[in-house]
Amino acid sequence: MQPVLEISAADDFALWPVGEHESYGYLVLNGELTPAEVGTAVMRIADCNDFEPEEEHGPCPTDPLGTFLHGLLTMPDLFAAGGFRVTDNTTDIVFVEPGCCNGLETWRDWLDVLDGTGCSYFGHDPSSVAERVGDIVRLTLDAHGTDGSPVIELSVDQIRRLVAGAQQDLQDFLSLAETWAEQHLPAHAAAVTAALARALDLVPTQ
């Protein structure tokens, strides 16, 4: 299980160094990313939230950097396209692929599978789903697939460990991003780090 961020091509992006990635691929978020990969992730999360905020969030800055970061720094509900991907390392079969409209900010839905409703979907095309059945969690790549779909069953304890590991990967990425922001966006470092924590739902509960 890995936290992955859906990536779009960064052609002509020049506000800070980013890596080269093809559109609609995934970048695994963890504590081992290069500075350019961290820059790519920050760019993508900011781009996911590049909407026109409401008036109460203040006027949009006129400088290119301020304009690009404005949504990330002012929107109350942030989005980070992606999610937790689950792959069988022995067969390379993917059993959960974050689909359209799924975001990393909803990763705690996995906890709902374990301790709440017992079921959660992770976007569409494919419509990956996790369902708890007793002490087992059944993972289906595409619940709406017409020709059958890969399915794997893991114990609740296994899934709990996998989710904890993926959560730690997110936390490690956030630590990297904090250092990166201090170096590349010193005037916005604290605000960007706080926004990334909200976008990844790593803000401590009160």
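Here is a friendly chat about how some parts of this predicted model earn their labels.

Me: What makes D47 and R44 a salt bridge?
Reply: Their closest N and O atoms are 3.5 Å apart. The cut-off is a side-chain nitrogen of Lys or Arg within 4 Å of a carboxyl oxygen of Asp or Glu, so the pair qualifies.

Me: Where do D47 and R44 lie?
Reply: Both belong to helix α1 (residues 35–48), and they are three residues apart, about one turn of the helix. E6 joins in as well: E6, R44 and D47 are linked in a network of salt bridges.

Me: Why is R44 called buried, and what is D47 called?
Reply: Buried means under 20% relative accessible area, and R44 has 11%, so R44 is buried. D47 has 32%, which lies between 20% and 50%, so D47 counts as partly exposed.

Me: How many salt bridges does a search of the whole structure find?
Reply: That search finds six. Among them is D135 with R132, where the closest N and O atoms are 3.9 Å apart. Since the limit is 4 Å, this pair is therefore counted too.

Me: How do you know whether D135 and R132 are buried or exposed?
Reply: Exposed means over 50%, and D135 has 59% relative accessibility, so D135 counts as exposed. R132 has a relative accessible area of 31%, so R132 is partly exposed.

Me: What makes E153 and R138 a salt bridge, and where are they?
Reply: Their closest N and O atoms are 3.0 Å apart, and the cut-off is 4 Å, so the label fits. The pair links distant parts of the chain: E153 sits in strand β8 (residues 151–155) and R138 in strand β7 (residues 136–140), 15 residues apart. E153 has a relative accessible area of 44% and R138 has 29%, so each is partly exposed.

Me: Why are α1 and α4 called roughly perpendicular?
Reply: They pack at an angle of about 95°, with their axes 10 Å apart. Angles of 65 to 115 degrees count as roughly perpendicular, so α1 and α4 get that name.

Me: Which residues meet where α1 packs against α4?
Reply: P35, V38, G39, A41 and V42 in α1 meet F173, L176, A177 and W180 in α4. By class, this contact has eight nonpolar, one polar and no charged residues. Gly counts as polar, so G39 is the polar one.

Me: What makes α1 and α2 roughly perpendicular?
Reply: The axes of α1 and helix α2 (residues 64–74) cross at roughly 70° and come within 8 Å. That angle falls in the 65 to 115 degree range, so the two are roughly perpendicular. Here M43, I45, A46 and D47 in α1 meet F68, L69 and L72 in α2. The contact has six nonpolar, no polar and one charged residues. Asp counts as charged, so D47 is the charged one.

Me: Which residues touch the most other members of the largest nonpolar core?
Reply: Of its 55 residues, these are W16, L29, F84, W110, L139 and L200. The largest share of this core, 10 residues, comes from helix α4 (residues 156–184).

Me: What is L200 in contact with, leaving aside its neighbours within four places in sequence?
Reply: L200 is in contact with L29, I45, A80, L104, W107, L170 and F173. In soluble globular proteins, nonpolar side chains tend to be buried together.

Notes: Residues numbered from 1 in each chain as written. Predicted model: local features only at pLDDT ≥ 70, side-chain atom pairs only at ≥ 80, totals over all residues. Heavy atoms only, no water. Core = buried A, V, L, I, M, F, W, Y, C linked by side-chain atoms within 4.5 Å. Buried < 20%, exposed > 50% of the residue type's maximum accessible area, 1.4 Å probe, protein only. Helix = DSSP H or I, 4+ residues; strand = E, 2+ residues; numbered from the N terminus. Contact = heavy atoms within 4.5 Å. Axes fitted to C-alpha atoms, helices over the stretch in contact; angles between N-to-C directions. Parallel < 35°, antiparallel > 145°, perpendicular 65-115°, else oblique.
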